[in-house]
Amino acid sequence: MMDRSNAALCANVRHSVKFVRFETDEGGIQVGLTDGRRIMSLAGILKADPGDMIALIEAWNDLHDLIGDLISFDVPMHRARLLPPIARPGKIFGIGLNYLDHASEGGIEAPSEQMWFSMPPTAIGGPFDTIDLPRVSSALDYEVELVVVIGKRCRHVTRERAADAIFGYCVGNDVSVRDWQLKTSQVTLGKIFDGHAPFGPWITPAADFDPANARIACYVNGEERQSSNTRHMIFDPAAQVSLLSQAMTLEPGDILFTGTPSGVGALMEPPDYLKDGDIVRCEIEGLGAIENVVSPEPAALSAAS
């Protein structure tokens, strides 16, 4: 099995242990730990589906003491295909206009309230999967984003305690179909296409990452399109978790896309949308990078009989 990511994309991170979901020819789909270069499978330790990251998140407080000093990274990164860290999150939310520079480039006043939309599990994509160029649109755009992974059930959590509910962080791309996004007063239609929420390459534990100060960037075919810092968020991850928990119970494995900075293709002059063959790389300092190639949407599935 060949991992198209190449190890260089995964190596630019601190050497803390991270949580990864992966597939090999020999072992199938598994969850494990990685140092960014090699992987240790937890398939023999996790008392659940060996590929179930949500089960690992729920059990981690008990497992990490059990594993202790037994960590042994025996699967080279090049022998694994990295998958979406969570296959089917229970809930996926994205926040709009959450960077001052992004609101400004669109000529929009910075919002005083958080603006949320939801995405279905079918929107999830892997960190190195292809991105479908939809047959119904050519207005395909990129949005590099910090992704929050919820680790504890929480409801009505205060902002001061909200960080305790965060398990970890990933790099994400909130791929957006702009003409569909503008079809109605709600942006949801442009945010729910299959595979248009790739994220990964792994989950970095919350204790090992500072969401208040990390460089965030997006490149298309090597050209820098977005470059900012997470300190420019209007609403930080704790504020986001707190607000959403007032409306619903957040659960382990739920994920939040936390907003994108300026530089999206739709607001260039003229607009510069993604095309067949484009390579989109999203990276966040300390978390690594994901990279996806744009490819025409495959043939439609037949309707069920």
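A nonpolar core, as I will use the term today, is a set of buried Ala, Val, Leu, Ile, Met, Phe, Trp, Tyr and Cys residues joined through side-chain atoms within 4.5 Å. Please keep in mind that what we are looking at is a predicted model.

With that in hand, let us turn to the largest nonpolar core, which has 38 residues, and in which Leu-140, Val-241 and Ile-284 are those with the most contacts inside it. Several elements each supply at least two residues of this core, including strand 9 (131-133), strand 15 (215-220), helix 6 (237-247) and strand 18 (279-284), while strand 11 gives the most, with 4 residues. If you look around Leu-140, leaving aside residues up to four places away in sequence, you will find that Leu-140 touches, among others, Ile-131, Leu-133, Val-175, Tyr-273 and Val-294. Apart from this core lies another, of 29 residues, and among them are Leu-33, Leu-63, Ala-123 and Phe-257.

Leu-63 brings us to helix 2, where Leu-63 is one of the buried residues, together with others including Met-53, Ile-57, Trp-60 and Ile-67. What covers the buried residues of this helix includes strand 1 (18-24), strand 2 (28-34), strand 11 (144-150) and strand 14 (197-205). At the start of helix 2, a side-chain oxygen of Asp-52 reaches to within 3.1 Å of the backbone nitrogen of Ile-54.

Now, how far does helix 2 (residues 53-67) span between its end C-alpha atoms? The span is only 16 Å, whereas a straight helix of 15 residues would span 21 Å. When you follow the helix in the structure, please look at Trp-60, where helix 2 bends by about 75°.

Notes. Residues numbered from 1 in each chain as written. Predicted model: local features only at pLDDT ≥ 70, side-chain atom pairs only at ≥ 80, totals over all residues. Heavy atoms only, no water. Expected span 1.5 Å × (residues − 1). Bend = angle between axes of the 7 residues up to and from the residue. Buried < 20%, exposed > 50% of the residue type's maximum accessible area, 1.4 Å probe, protein only. Contact = heavy atoms within 4.5 Å. Polar contact = N/O pair within 3.5 Å; in protein donor to acceptor, adjacent residues only side chain to side chain.
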